[in-house]
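Colleague: I'm just getting started with protein models, and I'd like to go through this one bit by bit. Can we put it on the screen and begin with how the side chains pair up?

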Amino acid sequence: MRSLSPRERKLVAVLILVLAASLALTVVIGPLVAGFTERAARRDALVQTFQANEKRIASLSALQAEAERQVGEMRALFMAAPDADEAGEALRDRIEAAALAAGGDVKTSEALPADEGWARAALEVRLSHTQLAGLLARLNRMKPALAVDGLTVVAEDALTNPKSDLLDVRLEATAPFVPAR
């Protein structure tokens with residue numbers, strides 16, 4: 001093998017220098033620069049998340065007011081009572097008052113055991129056909145709403161007196177309730 005001329009040695013040295021520089025660039029500087037750009041992208045994402053969270057925090061009072069308004073509207077749809085027994089008694093009082101207002105003669109009324117979140121009550125009353133229609137109309141207009149689960153009508157007096165308009169009625173009703181604050 002022949003020895004390299006000084007010019008060839010310089011070229012080989014420059015080539016080795018370029019290879020060493022490119023190796024240093026890809027092995028050391030490339031990952032270092034990639035790390036900086038990755039951290040900068042993460043910083044930008046965190047800044048955007050921070051700004052979004054700041055907006056959410058700023059809107060908390062409006063969200064709280066809206067939630068309280070919705071809770072108030074929901075409570076208007078339900079009876080409020082401390083527990084199921086009290087809700088049953090309140091429902092019993094409501095349907096008994098409606099029967100008395102319709103002109104009926106209340107025989108008995110009772111609160112019945114119910115499922116979670118529901119109140120049940122029963123009422124036995126003696127009234128006429130028109131009074132029964134009035135009672136059902138009153139119950140239909142009640143707020144918060146209730147459901148009539150059972151209605152038993154007995155016209156026993158009609159067997160002995162065809163002109164008798166009196167009915168013995170048993171009415172069972174349920175209504176949803178929420179615990180009172």
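Colleague: Okay, which side chain does arginine 92 meet in a salt bridge?

Modeller: Ground rules first: this is a predicted model, where local features need pLDDT of at least 70, side-chain atom pairs count only at pLDDT 80 or more, and totals for chains, interfaces and linings use all residues. Residues are numbered from 1 along each chain as its sequence is written, and side-chain values use heavy atoms, leaving out hydrogens and water. A salt bridge means a side-chain nitrogen of Lys or Arg within 4 Å of a carboxyl oxygen of Asp or Glu. Arginine 92 fits that rule with an N to O distance of 3.0 Å, and its partner is glutamate 89.

Colleague: And which helix do those two lie in?

Modeller: Helices (H or I, at least four residues) and strands (E, at least two) are DSSP runs, numbered from the N terminus. Arginine 92 and glutamate 89 sit three residues apart, about one turn of the helix. The helix that holds both, covering residues 84–101, is H3.

Colleague: Is arginine 92 buried or exposed?

Modeller: We call a residue buried under 20% relative accessible area, exposed over 50%, and partly exposed in between (1.4 Å probe, protein chains only). Glutamate 89 has 34% relative accessibility, so it's partly exposed. Arginine 92 comes in at 16%, so it counts as buried.

Colleague: How many residues apart are arginine 170 and glutamate 110?

Modeller: Their side chains meet in a salt bridge too, at 3.7 Å from N to O. This pair ties together distant parts of the chain: arginine 170 is in strand E5 (residues 166–179) and glutamate 110 in strand E2 (residues 105–112), a separation of 60 residues.

Colleague: Which residues end up in one network through shared partners?

Modeller: Let's get there by way of another bridge, the one between aspartate 168 and arginine 126, with the closest N and O atoms 2.9 Å apart. That pair also links distant parts of the chain, E5 and strand E3 (residues 118–128), 42 residues apart. As for the network built from salt bridges that share partners, its members are Glu110, Arg120, Glu124, Arg170 and Glu172.

Colleague: So how many salt bridges does the count come to?

Modeller: We've looked at a few of them, including arginine 92 with glutamate 89. Using the rule from before, the count comes to 12.

Colleague: Moving on to H4, which of its residues are buried, and how wide an arc do they cover?

Modeller: H4 runs over residues 129–141, and its buried residues include Leu132, Leu135 and Leu139. The arc is taken from the directions from the helix axis to the C-beta atoms. Those leucines are on the same side of H4, because the arc they cover is only 60°.

Colleague: What do the buried residues of H4 pack against?

Modeller: The face of H4 turned away from its buried side carries the exposed residues Thr130, Asn140 and Arg141. For packing, contact means heavy atoms within 4.5 Å. The partners of the buried residues are H3, E3, strand E4 (147–154) and E5.

Colleague: Where is proline 144 found?

Modeller: A cis peptide bond joins lysine 143 and proline 144, with omega about -10°. Proline 144 is in the loop between H4 and E4.

Colleague: Which residues is lysine 107 in contact with, leaving aside neighbours within four places in sequence?

Modeller: Lysine 107 is found in strand E2. Its relative accessibility is 44%, so it's partly exposed. Its contacts are Glu124, Val125, Arg126 and Asp168.

Colleague: Last one: what is the radius of gyration of the protein?

Modeller: There are five helices and five strands, in the pattern α-α-β-α-β-β-α-β-α-β along the sequence. The globule rule gives 16 Å for 181 residues, and the protein is more spread out than a compact globule, because its value is well over that. That rule is 2.2 Å times the number of residues to the power 0.38, and the radius is taken over C-alpha atoms. Along the principal axes the C-alpha trace spans about 140 × 35 × 25 Å, and the radius of gyration is 42 Å.

Conventions:
The expected span of a helix is 1.5 Å times one less than its number of residues.
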